[in-house]
Amino acid sequence: MTTRAWKLAVHERECFKCKICGSTKGLTVHHKKPVARKGKSTLENCVCWCTLCHRNYHKKWGLAESDDLRYPIDEYIKPKKKKRKHRR
């Protein structure tokens, strides 16, 4: 599978939305286990994030040191609770 086809497959699996904020713009692919730490470019090892969320994650955890074993992505992704409007 080519790099382009692989990225497209990851984006399609996530319905072309950032897994964190739901944005549909500036989508990238994040490796759960970095390639620098022998992570593979497989669908199982990757998630679709927008550039802002991707940048913020690596700003918080670093680059090659940020893998799903040390800094669980699920902890970072925690869904944001929607505020309910009170009815009168």
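Reader: What makes the pair of glutamate 14 and lysine 19 a salt bridge?

Author: In this predicted model, the closest N and O atoms of glutamate 14 and lysine 19 are 3.8 Å apart. A salt bridge asks for a side-chain nitrogen of Lys or Arg within 4 Å of a carboxyl oxygen of Asp or Glu, and 3.8 Å is within that limit, so the pair is called a salt bridge.

Reader: Which other residue meets the side chain of glutamate 14 in a salt bridge?

Author: That residue is arginine 13, with an N to O distance of 2.9 Å, which is also within 4 Å and therefore counts. Because these salt bridges share partners, Arg13, Glu14 and Lys19 are joined into one network. A search of the whole structure finds two salt bridges.

Reader: Why is glutamate 14 called buried?

Author: The relative accessibility of glutamate 14 is 13%, and buried means under 20%, so glutamate 14 counts as buried.

Reader: Are arginine 13 and lysine 19 buried or exposed, and how do you know?

Author: Neither word fits, because partly exposed is the term for values between the buried limit of 20% and the exposed limit of 50%. Arginine 13 has a relative accessible area of 39% and lysine 19 has 43%, so both are called partly exposed.

Reader: What is unusual to look at in the backbone of cysteine 15, and where does this residue lie?

Author: Cysteine 15 follows helix α1 and is placed in the loop between α1 and β1. Its phi is near 60°, a positive value in a residue other than glycine. Most residues other than glycine have a negative phi, so a positive value is worth pointing out. Phenylalanine 16, in that loop between α1 and β1, also has a positive phi, near 55°.

Reader: Why is cysteine 15 called exposed, while phenylalanine 16 is called partly exposed?

Author: Cysteine 15 has a relative accessible area of 56%, and because exposed means over 50%, the word applies to cysteine 15. Phenylalanine 16 has 39%, which lies between 20% and 50%, so phenylalanine 16 is partly exposed.

Reader: Which residues of helix α1 are buried, and what do they pack against?

Author: In α1, which covers residues 3-13, the buried residues are Trp6, Ala9, Val10 and His11. The buried residues of α1 pack against β1 and β2. Across the 88 residues of the protein chain, 32% count as buried.

Reader: What makes lysine 32 partly exposed, and where is this residue found?

Author: Lysine 32 is found in the loop between β1 (27-31) and β2 (46-50). Its relative accessible area is 26%, which is not under 20% and not over 50%, so lysine 32 is partly exposed. The C-alpha atoms of lysine 32 and cysteine 46 are separated by 5.7 Å, although these residues are 14 apart along the chain.

Reader: How many helices and strands does the protein chain have, and where is confidence lowest?

Author: The protein chain has three helices and two strands, following the pattern α-β-β-α-α along the sequence. Confidence is lowest in helix α3 (residues 73-77), with a mean pLDDT of 62, and highest in β2, at 92. The average for the protein chain is 79, and 69% of the residues score at least 70. Where pLDDT is low, the predicted coordinates should not be read in detail.

Key. Residues numbered from 1 in each chain as written. Predicted model: local features only at pLDDT ≥ 70, side-chain atom pairs only at ≥ 80, totals over all residues. Heavy atoms only, no water. Helix = DSSP H or I, 4+ residues; strand = E, 2+ residues; numbered from the N terminus. Buried < 20%, exposed > 50% of the residue type's maximum accessible area, 1.4 Å probe, protein only. Contact = heavy atoms within 4.5 Å. pLDDT = per-residue confidence, 0-100.
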